[in-house]
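Visitor: I am new to this structure and would enjoy a close look at one part of it. Could you pick a small spot and then lead me on from there?

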Amino acid sequence: MKYICKNCGKLHETNTRLWRCECGGAFWLKREEKVRFTKADIKQNEYSMWRYEKAYPMKKADLAASFGEGLTPLVEETWDGMKVWFKNDSLMPTGSFKDRGVVMLVNSLASKGVTKITEDSSGNAGASVSAYAAKAGIECNVYVPASTSEGKVTQVIASGAKLHKIPGLRDRATEAAQSGAEGVYASHNWNPYFVEGVKSMAYEIWEQSGFTAPDNIVVPTGNGSIPCGLEQGFRELMESGEIDHMPRICGVQPENCNPIYRKFHGEADEFEASATIAEGIALKFSSHRDEVVEAVRRSEGTMVSVTEDEILQALKKIMSEEGLLYRTHFLRNFCRRDQPDQGWIHQAGSEDRHRHFRQRPEGK
Ligand SMILES: [Zn+2]
């Protein structure tokens, strides 16, 4: 197994001390052989994302830290007269999908004998990395801007991680974490094991949909590990002959901070980002930007951008009517928009294809 930089194509050993390629590109895992996975490979008595262990670069038996992550509900709802399914990853051990990738990231570092790591997220990723590091016996140092409230980092503090408050803007906290002064930089945005874990979402959706692929998947997109992980997981299932089509992936970004949307639609790279309610996905720079654009294109999907008012209205509605929280609000928003993209799902999701999604094909 090697690390590969998709920007320049250079291969690196997996024990490299670099956290990204010399050219600035992100590392991805390059396995010796292509992943092949069939229904028969599912571990029937394992009720977590480790049911699909054969598809991963590591085994559950070798993990230093696991909280039984994964296998979250796929919840059916009706909206605009159409059936939609929400993948409720707010039920993950530390409260977000990040655990899928962090379990791979932290355990890969533990298996290399790493005893000290740094992270620069005060949000879900910081909470997740500090919890898994604590269980793996790894010292975790989390760098945040000095202005970060204690409340926001409650989970980080509770996990016993060392909190470093850095004066200035967020960039300063990131630079401090990347300096290596307090251990290996273990950023979920850069470590190549992270997406390998996020792809578990594709395997779960496949099984929970009666071993089929949905027509369309709408995902909130910050750095973009979810679109990349979904595309990778479904592509592995496609190449294994387990599904007959790839889902079209639609990434959603807030209009106030939408670098991947802009790249996808050929708009100028330079833009003024402003504050957004969707702060968890407000990244002006994505380490995976070009790879996300590529993954969305390969899936024949698209990128859309939503306003603050649309996010707020959808969030209110989903909290009052659906009882679902966290991230899912974008989905409703997107299809209700009066924009050129409107109808994207309606066109693709004809009744026939929805039936295909909902029913198990013959003999399966
Ligand atoms: Zn490179």
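**From a loop to a helix pair and a sheet**

Guide: Happily! Let us begin at Gly-9, which sits in the loop connecting β1 (2–5) with β2 (11–13). Please keep in mind that this is a predicted model. Gly-9 has 10 C-beta neighbours inside 10 Å, and 12 or fewer means exposed, so Gly-9 counts as exposed. From Gly-9 to Gly-25 there are 16 residues in sequence, and their C-alpha atoms are 9.4 Å apart in space.

Now let us move along the chain to a pair of helices. Helix α1 (residues 98–111) packs with helix α2 (residues 124–136) at an angle of about 40°, and their axes are 9 Å apart. That angle makes α1 oblique to α2. The crossing of α1 over α2 is right-handed. On the α1 side, the contact includes Val-102, Val-103 and Val-106, while among the α2 residues they meet are Ser-128, Val-129 and Tyr-132. The residues of this contact comprise 9 nonpolar, 3 polar and 2 charged ones.

Next comes the sheet. It is an open one, built from 4 strands in the order β8-β7-β6-β9 with parallel pairing. Its edges are β8 (162–166) and β9 (184–185), each of which pairs on one side only. Strand β7 (residues 139–145) runs parallel to β8 and is joined to it by 5 bridges. In this part of the sheet, Val-144 stands opposite Lys-165 of β8. Finally, helix α4 (residues 170–178) lies across β6 (116–119), β7, β8 and β9, and runs at about 155° to β7.

Definitions and conventions: Residues numbered from 1 in each chain as written. Predicted model: local features only at pLDDT ≥ 70, side-chain atom pairs only at ≥ 80, totals over all residues. Pairing = 2+ DSSP bridges. Helix = DSSP H or I, 4+ residues; strand = E, 2+ residues; numbered from the N terminus. Contact = placed C-beta atoms within 7 Å. Axes fitted to C-alpha atoms, helices over the stretch in contact; angles between N-to-C directions. Buried ≥ 20, exposed ≤ 12 C-beta atoms within 10 Å, placed from the backbone. Parallel < 35°, antiparallel > 145°, perpendicular 65-115°, else oblique. Left-handed = near helix turned anticlockwise from the far one by under 90°. Nonpolar A, V, L, I, M, F, W, Y, C, P; charged D, E, K, R; others polar.
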